[in-house]
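Notebook open, viewer open. I'm going through contacts and backbone oddities one by one and jotting down what I find.

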Amino acid sequence: MNSLLPTFRIQSPGGGRFAGTNIRFCEPKIDGILSKISSNSRFGKLYTAANGLNAENTNSHLKHKEGGFENIDYSDTFITLQTQIIFNSFERTFDRPMFSNMPENLSVEEQARYLFLAAPAVLSHDRVLLPDGKFDNVYNFGNCTALHYFERTFEQLTTVPSTNTCSKDGDEQVARNKLLGNAIVKGHCVETGIRYSSTGKKVLITDAVLFNLITDCGVYAGQAVIIEDIKHVD
């Protein structure tokens, strides 16, 4: 671990396992996400059409299936680990599960499937070193609802710096970066604003909940957002 990497103290309204302790940043690997995507070794093979429904996302799932969006391999190691980090981090931060209706005793693959097909949009990003030598937050997960509104496949989304879904306007980027920084320090925040799909459609997100991702070892692993109120607007 690089001793120059920053640490911060996590705050959580529900207390939680890591509340009030120092959380350390993990040093980004130079090969990063982008080189992994080219071989599909990290995110697993993509499949066409979703292979089932859950009670929380019937209409959304059918919309994605008809639209031809790819599904993901729920048994892929990165997908199952990322799912667990998202679920566990949310529960530590808010002292409740992300989905109150999710059945208990699901396997890690079944939990990954549940998250991918859930009605709210869920995305996560982490800081990686890009080929141009600069660091940026790059998406490493987006569920079916997120893929629909941002008009990307999973493979396309996970090559995109999350800054690219925000306006190029300098003031908006500054506001977004401030929001991300506040979430790092406070543990979470609420976000409302306009984002943009791959084709330039405006995506209105209202009261989206942004929270830090922390591994079981206490290492900062990026941030995730859950968006229950999301829609395309003119």
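**Aromatic cluster**

Phe87, Phe99 and Tyr114 form one aromatic cluster. Before going further, a reminder to self that this is a predicted model.

I then ran the ring search over the whole structure, and it came back with seven aromatic pairs. One of them is Phe94 with Phe211: the ring centres are 6.2 Å apart and the planes sit at 80°, which is over 60, so I log the pair as edge-to-face. Phe94 belongs to helix α3 and Phe211 to strand β8, so this pair ties together parts 117 residues apart in sequence. I checked exposure too, and both Phe94 and Phe211 are buried.

Back to two members of the cluster. Phe99 and Tyr114 make a tilted pair, with 5.7 Å centre to centre and 55° between the planes. Phe99 is in the loop between α3 and α4 while Tyr114 is in helix α4, so the parts tied together here are 15 residues apart in sequence. Phe99 and Tyr114 are both buried.

While on rings, I looked for charges over faces and noted Arg127, which lies over the face of Phe135 at 4.3 Å from the ring centre.

**Salt bridges**

How many salt bridges are there? My count comes to three.

Asp216 and Arg92 meet through their side chains at 2.2 Å, N to O. This one links distant parts of the chain, as Asp216 is in the loop between β8 and β9 and Arg92 is in helix α3, 124 residues apart. Arg92 has a relative accessible area of 15%, so I call Arg92 buried. Asp216, at 45% relative accessibility, goes down as partly exposed.

Next is Lys201 with Glu151, at 3.3 Å N to O. Lys201 is in the loop between β7 and β8, and Glu151 is in the loop between α5 and α6, 50 residues apart. Lys201 is partly exposed at 40%, and Glu151 is partly exposed at 21%. The cut-off for buried is under 20%, so Glu151 doesn't get that label.

Glu191 and Arg195 also form a salt bridge, with the closest N and O atoms 2.3 Å apart. Glu191 and Arg195 are both buried.

**Strand β8 and its partners**

I kept running into β8, so I traced what it pairs with. Strand β7 (residues 188-196) runs antiparallel to β8, joined by eight bridges. Gly193 is opposite Ile205 of β8. β7 and β8 form a hairpin with five residues between them, and Gly200 in that turn has a positive phi of about 95°.

With β9 (residues 219-227), β8 has five bridges, antiparallel again. Val209 has Ile226 in β9 as its bridge partner. This is a hairpin as well, with four residues in between, and Gly218 in the turn has a positive phi of about 85°.

β8 also pairs antiparallel with β10 (residues 229-233) over five bridges, where Ile205 stands opposite Ile230.

**Positive phi outside glycine**

Most residues other than glycine have a negative phi, so I flagged the exceptions. Which value does Asp207 have? Its phi is near 55°. Asp207 is in strand β8, and at 52% relative accessibility it counts as exposed.

Asp95 has a positive phi too, near 60°. Asp95 is in the loop between α3 (77-94) and α4 (108-117), and its relative accessible area is 57%, so exposed.

Technical notes:
Residues numbered from 1 in each chain as written. Predicted model: local features only at pLDDT ≥ 70, side-chain atom pairs only at ≥ 80, totals over all residues. Heavy atoms only, no water. Helix = DSSP H or I, 4+ residues; strand = E, 2+ residues; numbered from the N terminus. Buried < 20%, exposed > 50% of the residue type's maximum accessible area, 1.4 Å probe, protein only. Pairing = 2+ DSSP bridges. Phe/Tyr/Trp six-rings, centres within 6.5 Å; stacked < 30°, edge-to-face > 60°. Lys NZ or Arg CZ within 6 Å of the ring centre and 35° of its normal. Salt bridge = Lys/Arg side-chain N within 4 Å of Asp/Glu carboxyl O.
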